[in-house]
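Student: I would like to learn how to read a few features of a structure, one at a time. Where should we begin?

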Amino acid sequence: MNTILLDLLAFGSVLSGILVITSRNPIISVLFLISVFVNVSCYLILLGINFIGLTYLIIYVGAVAILFLFVVMMMNIKLVELTEVNQKGEYTNTLPLGAIVGSLFLYELAFQPVPSSVSGMSSTIYNLFDEINLLSVNTSFKGTAFNSAGIEAYTSFNNLWDNAFTSFQQLESVGSSLYTVHMMFLIIASMILLLAMIGPIVLTHKPTKRLH
Amino acid sequence: MVLFSVLTMIVAIALFSLRISAINFNRIAIIVLIYSGFLAYNTIYTDLVGSGIGVFSGLFQITAITQSIDVFICLIGALVLLLGENSTIGTGTSLKDGVTVKQSSMIGKYLPVLAEYPLIVLFSVLGMSSLISSSDLVSMFLSIELQSFAVYILATIYRDSESATAAGLKYFLLGSLSSAFILLGSSLIYGFTGLTSFEGLYMLCSTTTSNHAIEISVLLIVVGLLFKVSAAPFHNWAPDVYDGVPTMVMSWLVTMPKISLLVFILEFQGFTQLSNWSSWTYLLLISSLLSLMIGTIGGLSQYRIKRLLAYSTISHVGFLLLALAINSEESIESFLFYLIQYSLTNVNVFFILIAFGYLLHSRGLAPYSPVQFINQLKGQFQMNPLLGISLAICLFSMAGIPPLVGFFGKQMVLYSAVHNGNFFLALVAILTSVVSAAYYLRVIKVIHFDPYTVTDTNVVNKETVTTSSSLVIATLTLLLIFFIFNPTPLLNSAHLITLSLFYW
């Protein structure tokens with residue numbers, strides 16, 4: 001039952017994704033964008049990834065898509081121009097190219113055009129992954145300099161995502177990894193956001209001229 | 001250090017921008033960069049660092065190469081920021097002149113220096129220094145974004161100029177496309193292996209003989225990175241963007257992001273190259289071949305000097321990628337040496353161009369990029385012989401004329417290519433560098449031998465180049481000339497960094 005639901009949701013999201021591009025009215029395409037997000041978030045929640053699914057719902061549907069809708073409604077784009085563009089066949093002309101590139105990409109990923117020496121690649125990759133996990137938990141490779149300096153290096157390579165997610169509640173695990181081991185990501189991301197805040201101010205701010 | 005200074009400068013600019021002039025912020029940023037370069041120099045403990053220490057829980061790593069490139073980035077950044085001095089001093093003197101009629105006509109012609117310029121520059125330096133030391137896919141992406149956001153803002157920072165805005169928009173769109181490539185590649189890596197750290201990838205790559213999925217996703221990441229360094233199949237944006245932005249900003253865009261991205265490609269290659277001849281090598285070789293050819297042939301037909309410099313950058317990136325693709329000890333050594341000498345030469349060229357533009361400003365030139373056409377430099381040798389000679393020396397060095405430093409860079413790259421058996425690419429590189437010498441020589445000919453047509457001599461006022469920039473030009477030019485007498489410090493340091501990369 002669950003798998004059928006998942007398939008339905010995946011199909012719905014892909015279908016509405018296609019409809020986002022093909023629909024002529026921008027407002028309707030934004031509505032379809034919202035439907036993509038809703039589908040994806042339901043998919044994620046059904047898979048058991050509650051937190052990210054809810055975040056999708058709140059951030060994308062609640063904020064971003066509504067913002068899009070406002071912008072599109074305020075821009076007042078003339079529908080005539082858009083239909084003219086479609087009648088010229090700009091969309092259908094690019095369809096074969098998209099199909100070719102997409103199928104090539106899928107082919108590269110799904111099959112191996114170049115025969116490799118390892119047979120049954122997908123299974124070996126996962127086995128290897130397990131081995132590497134074991135290795136990285138047991139031994140601290142490349143960390144010898146640290147050990148000689150008397151500093152423990154075990155936290156360095158302790159970032160196995162799967163373990164972190166099984167042992168905690170989801171929100172807890174995200175928070176704990178974000179604020180302890182991956183604290184640096186938070187700092188860099190905050191710098192990026194700071195820059196993203198300063199940038200528009202710099203670009204649009206006109207200093208008021210004062211007479212001294 | 002850079003982080004703290006960014007934070008303080010934000011507050012300072014917001015509060016005191018009326019009382020502290022922009023040039024002081026510029027100087028503060030220069031001092032900050034020099035000091036943080038000194039701090040980075042102070043932390044090169046080769047014995048302790050060894051093959052690399054993971055810091056911040058393994059998300060970043062410190063090796064000898066990251067520290068030394070950090071020093072280099074900070075110093076070059078300080079040099080490029082020093083370019084801002086010229087134009088501001090220009091406004092200062094013209095305001096002090098007191099000749100009111102002249103003043104009102106002159107003010108619009110100078111490039112106004114914004115207090116925010118050094119701030120955003122510091123942001124991008126922060127991104128660069130974290131990019132070269134990142135050892136995780138997520139930290140790589142975050143640092144690339146930090147660096148390139150700052151650079152997009154820099155491109156449009158003079159928002160009154162239409163061309164700069166258009167160039168910045170183009171840069172932003174194409175840069176985010178390449179970021180999307182990088183993101184796609186890293187998400188594929190995570191999807192296939194469940195790993196984000198480069199150490200884990202390295203172990204995975206060293207255990208399997210050939211791994212298709214990882215190879216494809218790594219290739220996607222490298223394509224994104226090559227996009228950002230404007231290597232040849234992905235070079236289309238570069239001449240337009242570099243031509244559009246003001247010269248001062250262009251000097252930053254051309255020089256700085258390339259250093260950090262190329263060094264990052266070097267490190268990433270060390271982590272994920274499967275065998276000696278993998279798709280990595282082929283991709284880099286093809287890209288280097290194309291950028292050598294397009295960079296030289298495209299440059300031949302340019303009459304705008306900034307487009308010409310953009311194409312010359314593409315061909316130099318071709319040389320750097322050739323050295324990267326070979327990936328032996330001597331080629332990495334030549335890569336580092338080439339990177340260092342090329343960035344220094346490039347900065348020198350921009351200093352001279354801005355000095356020319358500053359001297360020529362009185363003849364009704366565009367405020368944002370004074371020297372636009374090669375013909376504007378016609379006969380400048382008669383006017384400013386020293387500047388003309390130094391520009392000629394720089395261009396000779398870029399073309400690779402023997403006693404100058406550029407020759408040794410090219411020679412080392414070619415030597416390692418021939419040594420590794422890449423005869424065809426070495427031949428192409430030699431031929432293209434001969435062809436590229438043609439367009440450098442054309443600029444030199446225009447400066448030195450074309451007649452100087454003075455129609456409005458009475459307008460030319462006796463402005464001189466500021467001491468700071470003339471000092472920099474003199475030092476860098478002498479460095480280019482006299483490298484041959486004392487080549488050991490630079491060569492030995494490049495050699496030692498390479499050895500630390502290979503033999504720890």
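Tutor: Begin with the aromatic side chains, bearing in mind that this is a predicted model. B:Phe149, B:Tyr152, B:Tyr171, B:Phe172, B:Trp237 and B:Tyr242 form one aromatic cluster.

Student: How many aromatic pairs are there over all chains?

Tutor: A search of the whole structure gives 18. Take B:Tyr171 and B:Trp237: their ring centres are 5.0 Å apart and their planes meet at 20 degrees, so this pair is stacked. The cut-off behind that label is a plane angle under 30 degrees. The two rings come from distant parts of the chain, with B:Tyr171 in helix 9 (residues 162-193) and B:Trp237 in helix 12 (residues 237-244) of chain B, 66 residues apart.

Student: Are B:Tyr171 and B:Trp237 buried or exposed?

Tutor: The general idea is to compare relative accessible area with a threshold; buried means under 20%. B:Tyr171 has 8% relative accessibility and therefore counts as buried. B:Trp237, at 3%, also counts as buried.

Student: Next, salt bridges. How many are there over all chains?

Tutor: The rule is a distance test: a side-chain nitrogen of Lys or Arg within 4 Å of a carboxyl oxygen of Asp or Glu. By this rule the count is 3 over all chains. In one of them, B:Asp240 pairs with B:Lys170, the closest N and O atoms being 2.6 Å apart. That pair links helix 12 of chain B, which holds B:Asp240, to helix 9, which holds B:Lys170, across 70 residues.

Student: Which residue meets B:Asp240 in a salt bridge at 3.1 Å, N to O?

Tutor: That is B:Arg307. B:Arg307 lies in helix 15 (residues 305-326) and B:Asp240 in helix 12 of chain B, so the pair ties together parts that are 67 residues apart in sequence. B:Lys170, B:Asp240 and B:Arg307 are thus linked in a network of salt bridges. Within this network, B:Asp240 is partly exposed at 30% relative accessibility, and B:Lys170 is partly exposed at 34%.

Student: What about B:Arg304 and B:Asp243?

Tutor: Their side chains meet in a salt bridge of 2.8 Å, N to O. B:Arg304 sits in the loop between helix 14 (279-300) and helix 15 of chain B, while B:Asp243 is in helix 12, 61 residues apart. B:Arg304 is buried, with a relative accessible area of 19%. B:Asp243 is buried as well, at 15%.

Student: How should I read a charged residue such as B:Glu145, and what is its nearest side chain of opposite charge?

Tutor: Check burial, then look for a partner. B:Glu145, in helix 8 (residues 137-155) of chain B, is buried yet has no salt bridge. The nearest side chain of opposite charge is B:Lys228, 4.7 Å away. Leaving aside neighbours within four places in sequence, B:Glu145 is in contact with A:Ile192 and B:Ser179.

Student: A:Ile192 is in the other chain. What does UniProt place at residues 181-203 of chain A?

Tutor: The unreviewed UniProt entry places the feature "transmembrane region" there, and also at residues 26-47 and 54-77 of chain A. Compare such a record with the model. Residues 181-203 of chain A are 96% helix and 0% strand, with end C-alpha atoms 36 Å apart. For residues 26-47 of chain A the values are 100% helix, 0% strand and 31 Å.

Student: And chain B as a whole?

Tutor: Chain B has 22 helices and 2 strands. Of its 504 residues, 63% count as buried.

Note on methods
Residues numbered from 1 in each chain as written. Chains lettered and ligands numbered in written order. Predicted model: local features only at pLDDT ≥ 70, side-chain atom pairs only at ≥ 80, totals over all residues. Heavy atoms only, no water. Phe/Tyr/Trp six-rings, centres within 6.5 Å; stacked < 30°, edge-to-face > 60°. Helix = DSSP H or I, 4+ residues; strand = E, 2+ residues; numbered from the N terminus. Buried < 20%, exposed > 50% of the residue type's maximum accessible area, 1.4 Å probe, protein only. UniProt positions renumbered as here; feature names shortened; annotations may be inferred. Lys, Arg positive; Asp, Glu negative; His and termini not counted. Contact = heavy atoms within 4.5 Å.
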